[in-house]
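Reader: I'm new to this and keep tripping over the vocabulary. Could we go through a structure together, with me asking how you know each thing?

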Amino acid sequence: MKKSKILAAVASALLTASTVPMLVYAESDGTAPAAGAGDTSSTAASTDPTTTTGAADTTEPSTDHSTEPSTEPSTEPQPVVYKVTFLGFEGEEIAVMNVEEGAAIDYSLVDTSVLHKHLSVDTEREFYQWDIQPETATADVTIHALSQTAVISHTGEPKTTVYNRKSGSVDISGLNVFITLTTQTPEKDADGNYIVTESTVEITSSCTASPATLDEAFKNSDTAAITVLPIGDTKPILKYTIKYERGIGDVDGNGLVDGVDASAILVYNANATDESAEKIPAAEMPYWDVNNDGLVDGADASLVLKYQAELSDNPDTTWATILS
Ligand SMILES: [Ca+2]
Ligand SMILES: [Ca+2]
């Protein structure tokens with residue numbers, strides 16, 4: 001656009017310049033009869049020797065002169081400028097370019113990010129491609145943006161909502177998350193609508209729980225609200241609540257089943273014969289007597305250590321598998 005304006009200005013300047021000699025010539029030509037032949041011949045000779053042949057002839061060069069310079073600029077190729085219009089998904093104009101004939105259309109100048117929209121919490125739409133993409137302008141042209149729409153959906157629920165521990169990760173297994181992509185193609189159906197292709201991909205492994213760890217989730221409370229989101233996104237897929245319940249083997253009730261609990265069991269067992277030693281309250285016994293045989297002894301301590309070791313290898317480890 002700027003270029004064509006500049007060229008127009010240059011052409012105008014050339015036309016103005018061409019009229020100057022013509023006017024000068026006309027003036028001298030007009031004054032010729034009054035001022036005398038000498039005057040005329042001197043002016044004419046300096047421009048065109050043929051004008052000396054007679055007064056009638058002097059009009060010829062003057063018309064020649066007036067047409068010659070004025071045709072010069074028009075013989076230079078005037079750039080043909082075409083209008084390239086870019087439309088959004090609803091036919092709204094998002095960009096217009098004036099492109100000279102044969103010049104490359106610079107698609108990078110069109111800001112397609114304006115087309116990106118969250119249509120709902122689960123649905124996002126963005127620019128995918130242009131319906132046509134001519135490299136150069138050969139005529140006025142309208143180019144349509146084609147969309148890609150992503151819908152996130154899920155099946156199932158996280159199966160673990162009660163934890164006996166405050167360590168490890170929040171487990172979202174049981175939940176399956178999918179993303180369905182609907183992409184417009186440049187081809188149209190009988191009704192004039194763009195034909196779409198659809199594909200569904202499971203993205204569960206690209207989803208994360210927030211908070212992601214149990215120690216963070218249960219830091220201040222034994223219940224916690226968990227949000228599942230695609231990694232790097234902020235739009236929740238699902239929200240649910242998890243709960244901490246003190247589990248067997250956790251004799252000190254700190255949410256961990258570890259060597260500290262095993263030691264406490266062994267110390268208690270060592271002092272079991274001491275009549276003055278403090279007895280475990282009945283309500284506490286399930287946490288100490290891990291194998292539920294009525295005794296708090298080395299067998300329970302061993303099971304605590306076994307559970308701790310198994311859990312570090314496999315976060316899905318449960319007491320049921322240890323005790324079976
Ligand atoms: Ca513990
Ligand atoms: Ca026991």
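Author: Sure, and let's start with two words. A residue is called buried if 20 or more other C-beta atoms lie within 10 Å of its own, and exposed if 12 or fewer do. Also keep in mind that this is a predicted model.

Reader: What makes G259, V267 and A270 in α5 exposed?

Author: Exposed means 12 or fewer other C-beta atoms within 10 Å. G259, V267 and A270 count as exposed, and they sit on the face of α5 turned away from its buried side.

Reader: And which residues of α5 are buried?

Author: D261, A262 and I265. For a residue to be buried, the count has to be 20 or more.

Reader: How do you know that they are on the same side of α5?

Author: Look at the directions from the helix axis to the C-beta atoms. D261, A262 and I265 are the buried ones. They cover an arc of only 100° around the axis, so they end up on the same side of α5. There's a handy rule behind this: an α-helix has 3.6 residues a turn, so residues three or four places apart point the same way.

Reader: What covers those buried residues of α5?

Author: The cover includes α6 (285–288) and α7 (298–313).

Reader: Why is α5 called roughly antiparallel to α7?

Author: Check the angle first: α5 and α7 pack at about 175°, with their axes 8 Å apart. Angles over 145 degrees count as roughly antiparallel. That makes α5 roughly antiparallel to α7.

Reader: Which residues meet there?

Author: On the α5 side they include A262, I265 and L266, and on the α7 side they include A301, V304 and L305. Meeting here means that C-beta atoms lie within 7 Å.

Reader: How do you know that the span of α7 is close to what's expected?

Author: The expected span is 1.5 Å times one less than the number of residues. With its 16 residues, α7 is expected to span 22 Å, and from first C-alpha to last it reaches 23 Å. For α5, which has 12 residues, the reach is 16 Å and the expected value is 16 Å.

Reader: Why do you say the buried residues of α7 line one face?

Author: The buried ones are D300, A301, L303, V304 and Y307. Seen down the axis of α7, they fall within an arc of 160°, so they line one face of the helix. The face turned away from that buried side carries the exposed residues A309, S312 and D313. What covers the buried residues of α7 includes α5, α6 and α8 (319–323).

Reader: Let's move on to the strands. What makes β9 and β10 a pair?

Author: Two strands need at least two bridges to pair. There are 4 bridges joining β9 to β10 (residues 223–230), and the two run antiparallel. In one of the bridges, C207 has P230 in β10 as its partner.

Reader: Which way do β6 and β11 run, parallel or antiparallel?

Author: Parallel, and 2 bridges join β6 to β11 (residues 238–244). With a cut-off of at least two, they pair. Y163 stands opposite Y244 in β11. By contrast, β10 and β11 run antiparallel, joined by 6 bridges, and T223 stands opposite K243 in β11.

Reader: Why are β6 and β9 said to stand at the edges?

Author: The open sheet has 4 strands in the order β6-β11-β10-β9, with mixed pairing. Both β6 (162–163) and β9 (207–210) have a single partner strand, so one side of each is left without a neighbour in the sheet.

Technical notes. Residues numbered from 1 in each chain as written. Chains lettered and ligands numbered in written order. Predicted model: local features only at pLDDT ≥ 70, side-chain atom pairs only at ≥ 80, totals over all residues. Contact = placed C-beta atoms within 7 Å. Axes fitted to C-alpha atoms, helices over the stretch in contact; angles between N-to-C directions. Parallel < 35°, antiparallel > 145°, perpendicular 65-115°, else oblique.
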